[in-house]
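Hi,

Here's the structure I promised to pass on. Have a look at it first, and my notes follow underneath.

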Amino acid sequence: MSARWTGHFAVGITAMFLVALPGCSKDVEIIEGNKAPDYQGVPTVVVRNYVNRVFIDLIGREPLDTEMDAAVADLEGSGLSLSARTALVDLLMTSTASIPGDSSYKHAYYQRQYELYKARCLEGASDAVIDQFIGIAQQSALADSLAGNTAGADAANSEVQRLLDLRACRIEYREGLITINEVFRRMVSNNVYDQINMGSFNFVNATFDNLFFRYPTTAEFTAGYDMVEHSAPAILFGSSGQSKTDYVDILIASTEFHEGMVRWCYVTFLGRQPSSYEVYTHSGPFVNDKDLQKVQRNILISDEYANFQ
């Protein structure tokens with residue numbers, strides 16, 4: 001099956017007009033290095049490498065021959081324009097058309113994201129492993145209920161729900177029912193994560209590392225540890241909390257979480273840390289719109305990622 005897409009934009013030429021006034025004249029200022037990039041010399045093999053890389057990074061597989069040929073034809077036909085690159089990335093992120101082996105590109109994209117998030121926070125735990133944890137928690141809830149241990153049963157049922165929420169986050173995120181913030185709240189709020197990072201000391205350090213790509217300062221660790229271990233009131237990132245749930249909610253809502261996601265995208269797609277300016281440029285809008293796909297798209301259509309330089 002050939003996956004063709006349309007929507008190329010024509011390249012416009014901007015005309016500059018000089019208005020002459022009686023008795024005066026104005027020199028035209030020439031800004032060096034401000035020419036639009038010329039991609040005419042980019043060889044086809046580089047374009048094919050770009051298409052291959054986008055497919056692998058977004059849906060976890062190489063393109064079929066028909067997909068490769070269609071993508072290369074569209075990119076080269078548009079002069080490797082940003083609009084054509086955007087069309088390719090958007091196709092893989094959003095298309096619900098049926099394709100061989102993947103159900104749809106959108107399904108494959110969100111499955112890939114889900115697996116990457118689990119690799120980041122849960123050491124790549126499979127859904128089968130998560131299902132095992134669900135079964136254990138359900139058995140514990142039943143045993144406590146039969147024994148008349150209401151508090152134990154309630155705690156076990158709460159854990160069952162957190163694990164079920166974790167399993168459901170891929171579909172709910174794909175359907176736009178939850179934000180990326182909620183996805184990661186679920187990634188670190190479950191018994192699988194607790195088993196990997198046993199104890200409040202490890203939990204606080206791990207959440208900072210997984211979400212922010214850094215460890216907490218002494219003051220941050222003390223505040224987090226007090227909330228998680230002692231359910232004591234503390235202030236973190238200007239917000240107050242008094243429980244493990246409060247602690248996670250504060251982390252997920254923070255500006256640093258959004259900056260951490262930007263850093264993760266750069267490391268994942270470009271193999272490097274972003275500059276302070278790049279973090280600022282992407283995280284500013286991301287804090288407000290929660291649109292991780294926009295952050296990813298801006299990286300994936302760049303000349304640096306495409307190697308169109």
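Helix 13 and helix 14 are roughly antiparallel to each other, a label for angles over 145 degrees. This is a predicted model, where local features need pLDDT of at least 70 and side-chain atom pairs count only at pLDDT 80 or more, while totals for chains, interfaces and linings use all residues. Residues are numbered from 1 along each chain as its sequence is written, and side-chain values use heavy atoms, leaving out hydrogens and water.

Back to the pair: helix 13 covers residues 276-289 and helix 14 residues 292-300, and they pack at about 155° with axes 9 Å apart. On the helix 13 side, His282, Pro285, Phe286 and Asp289 meet Leu292, Lys294, Val295 and Asn298 of helix 14. By class, that contact has four nonpolar, two polar and two charged residues.

Next, Phe208, which sits in helix 9 (residues 200-212). Phe208 counts as buried because its relative accessibility is 0%; buried means under 20% relative accessible area, with a 1.4 Å probe and protein chains only. Beyond neighbours within four places in sequence, its contacts (heavy atoms within 4.5 Å) include Phe213, Tyr215, Leu236, Phe237, Tyr247 and Leu251. Gly260 is 52 residues away from Phe208 along the chain, yet their C-alpha atoms are 9.6 Å apart.

Last one: is Ser78 buried or exposed? At 12% relative accessibility, Ser78 counts as buried. You'll find Ser78 in the loop between helix 2 (65-77) and helix 3 (82-94).

Cheers

How values were computed
Axes fitted to C-alpha atoms, helices over the stretch in contact; angles between N-to-C directions. Helix = DSSP H or I, 4+ residues; strand = E, 2+ residues; numbered from the N terminus. Parallel < 35°, antiparallel > 145°, perpendicular 65-115°, else oblique. Nonpolar A, V, L, I, M, F, W, Y, C, P; charged D, E, K, R; others polar. Buried < 20%, exposed > 50% of the residue type's maximum accessible area, 1.4 Å probe, protein only.
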